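Biologist: Could you pull up the model so that we can go through it together?

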Amino acid sequence: MRIARELDQHLIVAGCAHNLGFLEGRRGDLPAALGWFDRAEEAYNALGRPPGMVEVLQANRAELMLAAGLVSEAEKAVMAAISGLEKSDNKTDLTEARLLAAEVALANHHSEAALEAATTASREFLEQDRYAWHLLAEYGGLRARFALDTVGKTTADEAIGLAQELFTTGLSSEAIHCTLLAGRIALRAGDVETARLHLQAAASARRRGSAMTRAQAWHAEALLREAEGNMSGSARAIDAGFRVIRDHRLTLGASELRSHAAAHGLDLALLAVTRALASGSPWRVLKAVESWRSESTRVAAARPPTDPELSHLLAELRRVKAEIRDVAVAGQARQSTPRMLAAVTRIESEIRAVSRRLRGSGMHLAPLGLTRERVVAGMGDRRLISYFTFGGEIHAVSILDGNITMKRLVPANWVRNEVASLLFSLNRLTVGRGAVRSVQAAFSSMDASLLALRRALIDPLTTGDEGLAVVPTGAMHRLPWPALDHGRVVSVAPSLEAGMAAFSKRFALDEDVAASLVAGPGLPGATDEVSRISRIYKNRRRRTGRRAETRRVLDDIEGAAVVHIAAHGNFRYDNPSFSSLEMYDGPLTVYDFEQIQTPPSVMVLSSCDSAVTKVVAGDELLGLSSALISLGVSSLVAPVVPIVDDISADLMVALHQNLVSGDSTPDALAKALSDGDDGDVTRRALCSSFVAFGA
């Protein structure tokens, strides 16, 4: 690269950056690889996007995104690469892209599409006389057949033969994975001796290679020890695999990358839960489920320091969005908005790229240690319910007063459909307009969904009106829990360890604590709501109107005990890290919140659907509320559906009055909901959409 720069050979400079990104990706250094790929793309753009090279970069980036667990981005990139390469004479790179498409399809659980793509790639590689690549395609096809459950006992021999050819060709990492697959095929067929032989060979790589290879090898070791009857040794191997994944995630500065990277540990987590369920012990099941979830709690502490380039880009994003708002108000949107929206897209892309290049601190929280005694003491008089999905079914482990039970409840698809129906009805009621018949239909549908969900998810596990501490799974993260059982105290946490950590940090509030109160623009009633709440606290800072600027708000939040923000919110499903609250000078995003060093103990978001999260593999959560809990906010109150401010103002005032009286956040919310019940069904339904997260 240095020589090419001296000779003004710009295309070679771009190619060197491209190759450096490829090499760093193979080393497993995701931030470095992304940095080089970004440089290569900038260079290719400056050179007019030379055909062939751009498409190969897209395919290489897709491979990197796949390794990072960003499957949807990988799919988009590889499809773009294939589309471009199909228009060229570059058949070699096209076939490689087809093989990558098979890998992406496997990650998306589209096994038939993966098998078709791998078979096509295998045939084309042979036609091109590229035998090593043909072996890789055969391995992809074998994995697809395993996923489709169309392999038998003899296929284990086929797999080990393929593994030996891969190793001879120099593809040692793929050979290890293929050997592990051979062992799993033999286990599935009941051939323990053959399985032991292959798993032992695959396990030899557990201390070398990339994090993904080592995690796969520890998976093999766990299976091997289990086959030998060494269950405690198998558990230790699973924990070792978890540590490999955790250490890899700790190198990543971007929270979205850390969350998606958890997908690489799902096989280990599934094995742990499968073993625990086979034991019939509810405690072992709880520990298996929550040990994996707790990894996210500890990794969340690995936030990078504030990055000047990222801060500059976030300020630029706010400037452009404020300009869009101003021209819209002035009636000039038709002339100016398209150009500004293009600028927003560009800046957001740069923010995402810079964030992904950041490195994690490499530090993590020490585990609390999930002993039965500690869990029982941490729950107090609340009932813990930890839900999890296994085999397409919702299961739950429940603990109260030391008594622990486990139940299989309902199909996960049924819960997903009922939650979607409930949210549709609540959103319909939020609008508050329409024909009487339409509104009544929404009420009826809402009542039916609430009743069905309560009977399916709460009634089988409770014996009275005790408070609940729930750890949801899948679509249940979108549930308005207080609405399921009006009057019951419910707290929600992403993991048992996160809930216990929040409970351990909780302290009683009073009117003298430092409070930061914010009213965003364009939200009728927000200023009055904040004004009423400010009378409750003596030591408060209030930001309204022009004073509600992002930097000032962040400065006030830093170190405050209580924060209340009444502002328009926006959840971005396409990229949850851009989910935001609207301030006077533009959006306050997850990226901004992640710069807070000393988070508040209690935070209340009183408008829009600011508790909405995106659930990715392994019950990892992305969004504003999950980011705040990860930052260390002990208690968060926010709604899961859009809330009209005049509906919730009285509830918010009552909530804060209860907080300064010494109530915990879940108790304060439940009491405010009960005391404010004036018989208005719409008001009660929407107010019950506020959820208390944490302690």
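Modeller: Here we go through the overall make-up of the chain and then a few individual residues.

Biologist: What kind of model is it, and what is its mean pLDDT?

Modeller: This is a predicted model, and the mean pLDDT of the protein chain is 86, with 94% of its residues reaching 70 or more.

Biologist: Where is confidence lowest, and where is it highest?

Modeller: The lowest mean, 74, belongs to helix α30, which covers residues 681-687, while the highest, 95, belongs to strand β8 at residues 562-566.

Biologist: How many helices and strands are there in the protein chain?

Modeller: The protein chain contains 30 helices and 16 strands.

Biologist: And what does the radius of gyration say about the 695 residues?

Modeller: A compact globule of 695 residues would have a radius of gyration near 26 Å, and the protein chain, at 27 Å, agrees with that. Along the principal axes, its C-alpha atoms fill a box of roughly 75 × 65 × 50 Å.

Biologist: What share of the residues is buried, and how much area does the chain expose?

Modeller: Buried residues account for 56% of the 695, and the exposed area of the protein chain is about 29200 Å², of which carbon and sulfur atoms supply 51%.

Biologist: Of the contacts between residues at least 6 apart in sequence, what percentage joins residues at least 24 apart?

Modeller: That figure is 69% for the protein chain.

Biologist: Switching to charge, how many positive and negative side chains are there?

Modeller: There are 78 positive and 82 negative side chains, and the centres of the two sets lie 2 Å apart.

Biologist: Let's look at single residues; where does Ile385 sit, and is it buried or exposed?

Modeller: Ile385 lies in strand β1, and it counts as buried because its relative accessible area is 0%, where buried means under 20%.

Biologist: Which residues does Ile385 contact, leaving aside neighbours within four places in sequence?

Modeller: With those neighbours set aside, Ile385 is in contact with Ala396, Val397, Ser398, Leu461, Leu468, Ala469, Val470 and Val471. As for a residue elsewhere in the chain, Ala80 is 305 residues away along the sequence, and its C-alpha atom is separated from that of Ile385 by 44 Å.

Biologist: What about Gly380, where is it found?

Modeller: Gly380 is in the loop between α19 (372-379) and β1 (383-390), and with a relative accessible area of 40% it is partly exposed, since that class lies between the 20% and 50% limits. Gly402 is 22 residues from Gly380 in sequence, and their C-alpha atoms are 10.0 Å apart in space.

Biologist: Any backbone oddities; which residues other than glycine have a positive phi?

Modeller: Asp8 is one of them, with phi near 55 degrees, and Asp401 is another, with a positive phi of about 55 degrees.

Biologist: Where is each of those placed, and are they buried or exposed?

Modeller: Asp8 is in the loop between α1 (2-6) and α2 (10-27), and its relative accessibility of 53% makes it exposed. Asp401 is in the loop between β2 (393-400) and β3 (403-411), and at 58% relative accessibility Asp401 also counts as exposed.

Biologist: One last residue, then: where is His109, and is it buried or exposed?

Modeller: His109 belongs to the loop between α6 (91-107) and α7 (111-127), and its relative accessible area of 69% puts it among the exposed residues. Lys321 is 212 residues from His109 in sequence, with a C-alpha to C-alpha separation of 38 Å.

How values were computed:
Residues numbered from 1 in each chain as written. Predicted model: local features only at pLDDT ≥ 70, side-chain atom pairs only at ≥ 80, totals over all residues. Heavy atoms only, no water. Helix = DSSP H or I, 4+ residues; strand = E, 2+ residues; numbered from the N terminus. Rg over C-alpha atoms; globule rule 2.2 N^0.38 Å. Buried < 20%, exposed > 50% of the residue type's maximum accessible area, 1.4 Å probe, protein only. Contact = heavy atoms within 4.5 Å. Areas by Shrake-Rupley, 256 points an atom, 1.4 Å probe, with all protein chains shown as cover. Lys, Arg positive; Asp, Glu negative; His and termini not counted. Charge placed at Lys NZ, Arg CZ, Asp CG, Glu CD. pLDDT = per-residue confidence, 0-100.
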